[in-house]
Amino acid sequence: MPDKKSGGKSRVAVYGAAGHTGRFVVSELLRRGMTPVAAGRDTSRLLATGLEDSGVELRGASIDDPASLDQAFVDVAMVINCAGPFLDTAETVAAAALRAGAHYLDVTAEQASATATLEHFAEPARRAGLLVMPAMGFFGGLADLLVTAAAGDWESVDDVAIGIALDSWHPTQGTRLTGARNTAQRLMVTGGALAPLALPAATRAWDFPPPFARQEMVEMPLSEVVLVARHLRTRELHTYLSAAALNDIRDPATPPPQPVDAHGRSAQRFLVEAIVQKGGLERRARVGGRDIYAFSAPLVCEAAERILDHRTTARGAFAPGAAFDAASFLGAIAPDAFTTEARGA
């Protein structure tokens, strides 16, 4: 299917473009020489972004009005959904993307939403020759790619542990709304199968490289579990989040993120590490950076660019680790912050 272009540049609709992450995604698309179309539910918020002054086309569209979504996605090659809660938006926006003949990506951290998107759109997307990929953001896609890069040529493993260290977590309003909406039971993998997270959640210490060092962690599975379990066989799969960050987000008094640089990023630092074990061997992959919301932009835009440049042949509904060369992908977005290592006999 030919890509829909404007002036030789791929046109990508960003739904939720007026939101915190959506604005980062639009900026990243522009930086890459692609043509974003800013779409959203609230036209006044879109106008307030100032994107129109930068030559970005604005299109209002509501999830309650499928015809408006059809109009918003006319002549685009890709739809990136940044409008949560994704339990409320993903199915409707993904369906509209397929009707428009466009690939679909989103940045959900919600396990239930990612699962539903993968299951519901696998066959329709395959028949249409399109790619549907949920959770292509900091929570979800990043950890899936790290696990895939660490596993390498291992098709099955004994244990996967993912550690997410945040020095703080100042949640956006969208994050708070999603947390209130997402009441589905969290899943982990134990004994080779998806299972409900045991409560109270497990805790452990994790020795990260500097500057984080030893962190107290709490098990907190997000959409990465759904992604990894879809293409890598493992007996155990557990995700842990730094306790200090979890305390931040659970405190209703924690303020939203504040920009501290010209790109609008906050001062927040992160380090994500995946440890994959098989027999007596252990492989690790890690990446660090600034601002989890801002970092979702290069992640999802790299995916968009690789899909539109035909650097993946995957069609249907896929996890990123199953569609891309994980090490190449991570090396492209974080050339100075992505590392791997192997231990054991």
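Where is P200 found? P200 sits in the loop between β10 (193-196) and β11 (203-207). Bear in mind throughout that this is a predicted model.

## Two cis peptide bonds

Most peptide bonds are trans, and most residues other than glycine have a negative phi. Here are some spots that go the other way.

The loop proline just mentioned is one of them: L199 and P200 are joined by a cis peptide bond, with omega at about 0°. Another cis bond links G84 to P85, and there omega is about -5°. P85 is also a loop residue, placed between β5 (78-81) and α4 (86-99).

## Positive phi away from glycine

A135 has a phi near 65°, which is positive even though the residue is not a glycine. Look for A135 in the loop between β7 (131-133) and α6. Its relative accessibility is 0%, under the 20% cut-off, so A135 counts as buried.

D291 has a positive phi as well, of about 65°, and D291 is not a glycine either. This aspartate is in the loop between β15 and α10. With 1% relative accessibility, again under 20%, D291 counts as buried too.

## The nonpolar cores

In soluble globular proteins, nonpolar side chains tend to be buried together. In this model, the largest nonpolar core takes in 113 residues, and F73 and F138 have the most contacts inside it. Helix α10 brings the largest share of this core, at twelve residues. Apart from it there is another core, made of nine residues, with A161, W206, F212 and L271 among them.

F138 is worth a click. Leaving out residues up to four places away in sequence, F138 touches A143, I164, L166, F270, V272, I292, F295, S296 and L299.

## Aromatic pairs

The whole structure holds nine aromatic pairs. In one of them, the ring centres of W206 and Y240 are 6.3 Å apart and the planes meet at 55°; that angle falls between 30 and 60 degrees, so the pair is tilted. W206 belongs to strand β11 and Y240 to strand β13 (residues 233-242), so this pair ties together parts that are 34 residues apart in sequence. W206 and Y240 are both buried.

F138 turns up again here: ring pairs link F138, F139, W169, F270 and F295 into a cluster.

## The largest pocket

Now for the open space. The largest pocket offers about 1200 Å³. Its lining counts 47 residues, and T172, G174, T175, R176 and T178 are the ones nearest its centre. By class, that lining splits into 22 nonpolar, 17 polar and eight charged residues.

Which helix gives the most to the lining of the largest pocket? That would be α7, with eight residues. The elements that each supply at least two lining residues are α1 (20-31), α6 (138-151), α7 (173-181), α9 (243-250) and α10 (292-308).

## The second largest pocket

The second largest pocket has a volume of about 510 Å³. It is lined by 17 residues, with E28, R265, A294, F295 and P298 nearest its centre. F295 is thus a residue to revisit, as it also belongs to the ring cluster.

Elements α1, β15 (281-290) and α10 each put at least two residues into the lining of this second pocket. The class tally for that lining is eight nonpolar, four polar and five charged residues.

How values were computed. Residues are numbered from 1 along each chain as its sequence is written. This is a predicted model: local features need pLDDT of at least 70, side-chain atom pairs count only at pLDDT 80 or more; totals for chains, interfaces and linings use all residues. Side-chain values use heavy atoms; hydrogens and water are left out. On a 1 Å grid over the protein atoms alone, a cavity is a set of points where a 1.4 Å probe fits but cannot get out, and a pocket is an open set with protein on both sides within 12 Å along at least five of seven lines; lining residues have an atom within 4 Å of a point. Grid points are joined across faces, edges and corners, and a volume is the space filled by probe spheres set on the points. Helices (H or I, at least four residues) and strands (E, at least two) are DSSP runs, numbered from the N terminus. Ala, Val, Leu, Ile, Met, Phe, Trp, Tyr, Cys and Pro count as nonpolar, Asp, Glu, Lys and Arg as charged, and the others, Gly among them, as polar. A nonpolar core is a set of buried Ala, Val, Leu, Ile, Met, Phe, Trp, Tyr and Cys residues joined through side-chain atoms within 4.5 Å. Buried means under 20% relative accessible area, exposed over 50%, partly exposed in between (1.4 Å probe, protein chains only). Contact means heavy atoms within 4.5 Å. Rings of Phe, Tyr and Trp (its six-membered ring) pair if their centres lie within 6.5 Å; planes under 30 degrees apart count as stacked, over 60 as edge-to-face and the rest as tilted.
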